[in-house]
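Visitor: Hey, can you walk me through this one? I'm new to reading structures.
Guide: Sure, let's put it up and take your questions as they come.

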Number of protein chains: 2
Amino acid sequence: MPSPGGAGLHDCPVGIVGLGLIGGSLGLDLQAAGVQVRALVHRHSTAERARERGLAQTVDTNPELLQGCDLIVLALPLDRLLDPPPELLAALPRDAVITDVGSVKQPVLERWQRWHPRFVASHPMAGTAEAGVEAGQRNLFRGRPWVATPNGQTDTAALALVQQLAELVGAAWLQCPATAHDQAVALISHMPVLVSAALLEAADRGGEAAAAATLVRQLASSGFADTSRIGGGNPELGTLMARCNRDAVLQALGHYRQQLEQLETLVEQEHWGALQQRLEGCQQLRPGFL
Amino acid sequence: MPSPGGAGLHDCPVGIVGLGLIGGSLGLDLQAAGVQVRALVHRHSTAERARERGLAQTVDTNPELLQGCDLIVLALPLDRLLDPPPELLAALPRDAVITDVGSVKQPVLERWQRWHPRFVASHPMAGTAEAGVEAGQRNLFRGRPWVATPNGQTDTAALALVQQLAELVGAAWLQCPATAHDQAVALISHMPVLVSAALLEAADRGGEAAAAATLVRQLASSGFADTSRIGGGNPELGTLMARCNRDAVLQALGHYRQQLEQLETLVEQEHWGALQQRLEGCQQLRPGFL
């Protein structure tokens, strides 16, 4: 039975809603740690495949499965997390701890705190290029940050249980305000997708304009592959991030444009000493982000 | 003796001026292919280390060493290539074939065709993060493009000898006009350095503005590492590329800004369908550049 106080992860089953990369990986790691896992999925075909892969001890499409879970992890895409089906909301036990894994926190926190008294907004920062029921893998979270964004309303026992979950799968627990999280991920993840996408488009259009469309492709090397990787990634995900974190992304783009314009001016005005100093600064900055 | 006609690489020693990454790697591969290599370096300490590493059969600081070479590769940094010491110019045999490895071609071609009748502008597109006399390695050029940018004045026998050299070390030979080369490398290599550098600066400044300087560093993951790699690279090289290819870099930045501004407008105006279409286009574009 769920207990509002010092419940442990091994006392009751953990529920996972959605068995994509994050949900599936969590299911594998939790079971390996001896935790009972029940997973709710949308489609029968997903349920079948998830059972074959052993992503949870119980997999079903019926939300009733969540009854008796002490902790439920909403491992849904951002758009479904922000606009969940009413039957999911109705099926969440009021005394269970609910957390999410969304990559934007302020809008999630605002809505879900209205919807559930024991909601904890969180974001495990782990990912691969893979998605879907085949993507889940062991040890995805090991050594990666798992950020929670509690506020004054957050239930502290609920927060402690989510921390226990994160640490059980080897993640590094962090806490910060939701707005700080959203601004930070805009700067290091969501805005860079657009920066990288524009680079692919510029190489394409610029190559055509110079009658060198084939040449730009022949000469592109590992440097271009690195810089264009996230811009050529999952389009749905890139759009969702911009949509759900719009203000912070626009603010981050403002910072970005300012820096790029300054660098462009140095090239235009041939201030090579100043440009080299700026690039030396960048060389010194980068290790701090690795 | 150098012969102006159908000389082969095995008939006379090949001269290499400079034993950094490109010069040193070329020295190793040519010797392995049975070619005699003589290398001219600037400092006695470099000569000593190059001899220890076996980068050439003969290494010296005296330009007289180049006498008797049929083909001489100028493996110098761009600034020294564009402003070579007079004693180097004086020591180049008039009937030898001279080529370079510079990453910008139009200004190199203009100057060197005035200075030497058998100059061939070329650019092996191979690199690692390493530089200096310790950087040279076997098989650096294997499968990589080696671009030559001949014009109407270029000696065709000289061009054929440089092609023989490129193919001997396993490179893929390409020819294009110097301006097309410079525009292409601006788009896929030189401009992206500034795009990537501005990203590091924006994450730093934006993080400070949001009082989240530590958080942006804690949350930065492999995506940010990829996108920021070339912006945090060698500052001298980044500056030299912008300086020696200024017009094409500014033009490429123009293309880039246009694309980024369009993407920013889609976010601002919340045209999520259109944004997703653009990102889908990017996803389709990228494999063409790999």
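Guide: What follows is a chat about how the chains and domains of this predicted model touch each other.

Visitor: Okay, how many residues does each chain put into the contact between chain B and chain A?
Guide: There are 79 from chain B and 79 from chain A.

Visitor: Which parts of chain B supply them?
Guide: Several elements give at least two residues each, among them strand S8 (145–148), helix H8 (213–219), helix H10 (235–244) and helix H12 (272–285) of chain B. The largest share is from H7(B), with 22 residues.

Visitor: And what kinds of residues are on that side of chain B?
Guide: By class, the side of chain B that touches chain A has 45 nonpolar, 20 polar and 14 charged residues.

Visitor: Can we zoom in on a pair of helices? At what angle do H11 of chain A and H11 of chain B pack?
Guide: About 165 degrees, and their axes are 11 Å apart. In each chain, H11 covers residues 246–268.

Visitor: So what do you call that arrangement, parallel or antiparallel?
Guide: Roughly antiparallel, because angles over 145 degrees count that way. As for handedness, H11(A) passes H11(B) in a left-handed crossing.

Visitor: Which residues of H11(A) and H11(B) make the contact?
Guide: On H11(A), they include A:Val249, A:Leu250, A:Leu253 and A:Glu264. On H11(B), B:Arg246, B:Val249, B:Val267 and B:Glu268 are among them. Taking both helices together, the contact has 8 nonpolar and 6 charged residues, with no polar ones.

Visitor: Switching topic: how is chain A divided into domains?
Guide: Domain 1 of chain A runs over 14–176, and domain 2 over 181–289. Their C-alpha centres are 32 Å apart.

Visitor: How many residues does each domain give to the contact?
Guide: Domain 1 of chain A gives 15 residues and domain 2 of chain A gives 9. On the domain 1 side, helix H3 (78–82) and helix H5 (106–115) of chain A are the elements that give two or more. H3(A) has the largest share there, 3 residues.

Visitor: What about classes on that domain 1 side?
Guide: It splits into 9 nonpolar, 4 polar and 2 charged residues.

Visitor: Last one: where does B:Asp11 lie?
Guide: B:Asp11 is in the segment before strand S1 (14–17) of chain B. B:Asp11 counts as partly exposed because 14 C-beta neighbours are inside 10 Å.

Visitor: How far apart are B:Asp11 and B:Tyr256?
Guide: In sequence they are 245 residues apart, and in space 48 Å, C-alpha to C-alpha.

Notes:
Residues are numbered from 1 along each chain as its sequence is written. Chains are lettered from A and ligands numbered from 1 in the order in which they are written. This is a predicted model: local features need pLDDT of at least 70, side-chain atom pairs count only at pLDDT 80 or more; totals for chains, interfaces and linings use all residues. Helices (H or I, at least four residues) and strands (E, at least two) are DSSP runs, numbered from the N terminus. A residue is buried if 20 or more other C-beta atoms lie within 10 Å of its own, exposed if 12 or fewer, and partly exposed in between; C-beta atoms are placed from the backbone. Axes are lines fitted to C-alpha atoms, for helices over the stretch in contact, and angles run from 0 to 180 degrees between N-to-C directions. Angles under 35 degrees count as roughly parallel, over 145 as roughly antiparallel, 65 to 115 as roughly perpendicular and the rest as oblique. A crossing is left-handed if the near helix is turned anticlockwise from the far one by less than a right angle, and right-handed if clockwise. Two residues are in contact if their C-beta atoms, placed from the backbone, lie within 7 Å. Ala, Val, Leu, Ile, Met, Phe, Trp, Tyr, Cys and Pro count as nonpolar, Asp, Glu, Lys and Arg as charged, and the others, Gly among them, as polar. Domain bounds come from an automatic or database domain assignment.
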